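User: Could you take a close look at the sheet in this one and walk me through how its strands are put together? I'd like one connected account, including what packs against it.

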Amino acid sequence: MTKADDKPVVGIIMGSQSDWPTMRHASEILERLRVPHECRIVSAHRTPKRLVEYAETARARGLKAVIAGAGGAAHLPGMVASMTALPVFGVPIESKALSGMDSLLSIVQMPGGVPVGTLAIGKAGAINAALIAASVIAHLDPKVAAALDVFRAEQTDKVAEIPSDEA
Ligand code: RP5
């Protein structure tokens with residue numbers, strides 16, 4: 001995604017096309033930090049063979065972390081974590097029926113021994129999953145570490161000290 005010939009080091013996967021409006025925020029953060037990544041639809045329920053293939057080959061393909069977004073009966077992050085020891089970050093999608101509480105509880109309550117780092121429901125979770133994945137990559141790539149520092153500094157600079165009537 002970042003540059004066509006860059007090998008992805010982070011995989012962003014999601015259970016459905018309908019998850020993309022949320023998960024695109026993770027991609028945009030990684031783009032900004034120049035972290036090579038890929039985005040794929042992988043459904044635990046509708047494409048289980050694609051899920052197994054993705055999880056089992058992730059490390060050998062050079063991925064260092066996986067961000068998995070899913071909603072409702074959100075089994076995707078946990079199932080990926082069951083098949084790879086890479087760090088897996090789960091993003092609960094805000095579902096229509098239960099506002100994402102179903103997604104959150106499906107993702108967060110993993111049994112001891114098979115971890116999924118679970119983020120907030122929705123856009124904030126997608127953004128923070130990307131920032132955590134970038135922190136993992138920063139250990140391997142000083143340019144990403146520097147980009148993270150710039151991101152934090154710019155974020156801080158944008159916060160006005162005095163509230164405005166215009167905002
Ligand atoms: C999950 O079911 C997906 O992650 C999505 O959040 C949810 C609904 O999927 P669609 O019916 O919109 O494809 O598997």
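Analyst: Strand 3 and strand 4 run parallel, joined by five bridges. This is a predicted model, by the way, so read everything here as computed. For a landmark in that pairing, take isoleucine 67, whose bridge partner in strand 4 is phenylalanine 89.

Strand 3 (65-70) is a good place to stay for a moment. It is largely enclosed by the rest of the structure, because six of its six residues are buried. That goes for both faces: Ala65, Ile67 and Gly69 sit on one side, Val66, Ala68 and Ala70 on the other, and all are buried.

On to the pairing of strand 3 with strand 1: these two also run parallel, and again five bridges join them. Here you can line things up at valine 10, which has alanine 65 as its bridge partner in strand 3. Strand 1 covers residues 10-14, and five of its five residues are buried, so to speak of it as mostly covered is fair. Val10, Ile12 and Met14 point one way while Gly11 and Ile13 point the other, with all of them buried.

Strand 1 also pairs with strand 2 (residues 37-41), in the parallel sense and over five bridges. In that pairing isoleucine 12 faces cysteine 39 of strand 2.

Back at strand 4 (residues 88-92), there is a parallel pairing with strand 5 over two bridges. Phenylalanine 89 turns up again here, standing opposite glycine 117 in strand 5.

Put it together and you get an open sheet of five strands in the order 2-1-3-4-5, with parallel pairing. Its edges are strand 2 and strand 5 (117-118), each of which pairs on one side only. As for what packs on the sheet, helix 1 does, touching strand 1, strand 2, strand 3 and strand 4, and its direction makes about 170 degrees with that of strand 1.

Helix 1 (residues 20-32) has a helical partner too: its axis and that of helix 5 (residues 123-138) come within 7 Å and cross at roughly 30 degrees. The crossing is right-handed. From helix 1, the contact uses Thr22, Met23, His25, Ala26, Ile29 and Leu30, and these meet Lys123, Ala126, Ile127, Ala129, Ala130, Leu131 and Ala134 of helix 5. By type, the contact residues come out as 10 nonpolar, two polar and one charged.

Two loop residues are worth a glance for their backbone. As a rule, most residues other than glycine have a negative phi. Arginine 34, in the loop between helix 1 and strand 2, has a positive phi near 60 degrees. It counts as partly exposed because it has 16 C-beta neighbours inside 10 Å. Serine 99 likewise has a positive phi, near 60 degrees, and lies in the loop between strand 4 and helix 4 (101-108). Serine 99 has 12 other C-beta atoms within 10 Å, so it is exposed.

Last, the ligand. The residues around it are Gly15, Ser16, Ser18, Asp19, Ser43, His45, Ala70, Gly71, Gly72 and Ile93. Sorted by type, this shell holds two nonpolar, seven polar and one charged. Among them is Ala70, one of the buried residues of strand 3.

Note on methods:
Residues are numbered from 1 along each chain as its sequence is written. This is a predicted model: local features need pLDDT of at least 70, side-chain atom pairs count only at pLDDT 80 or more; totals for chains, interfaces and linings use all residues. Axes are lines fitted to C-alpha atoms, for helices over the stretch in contact, and angles run from 0 to 180 degrees between N-to-C directions. Helices (H or I, at least four residues) and strands (E, at least two) are DSSP runs, numbered from the N terminus. A crossing is left-handed if the near helix is turned anticlockwise from the far one by less than a right angle, and right-handed if clockwise. Two residues are in contact if their C-beta atoms, placed from the backbone, lie within 7 Å. Ala, Val, Leu, Ile, Met, Phe, Trp, Tyr, Cys and Pro count as nonpolar, Asp, Glu, Lys and Arg as charged, and the others, Gly among them, as polar. A residue is near a molecule or strand if its C-beta atom, placed from the backbone, lies within 6 Å of it. A residue is buried if 20 or more other C-beta atoms lie within 10 Å of its own, exposed if 12 or fewer, and partly exposed in between; C-beta atoms are placed from the backbone. Two strands pair if DSSP finds at least two bridges between them.
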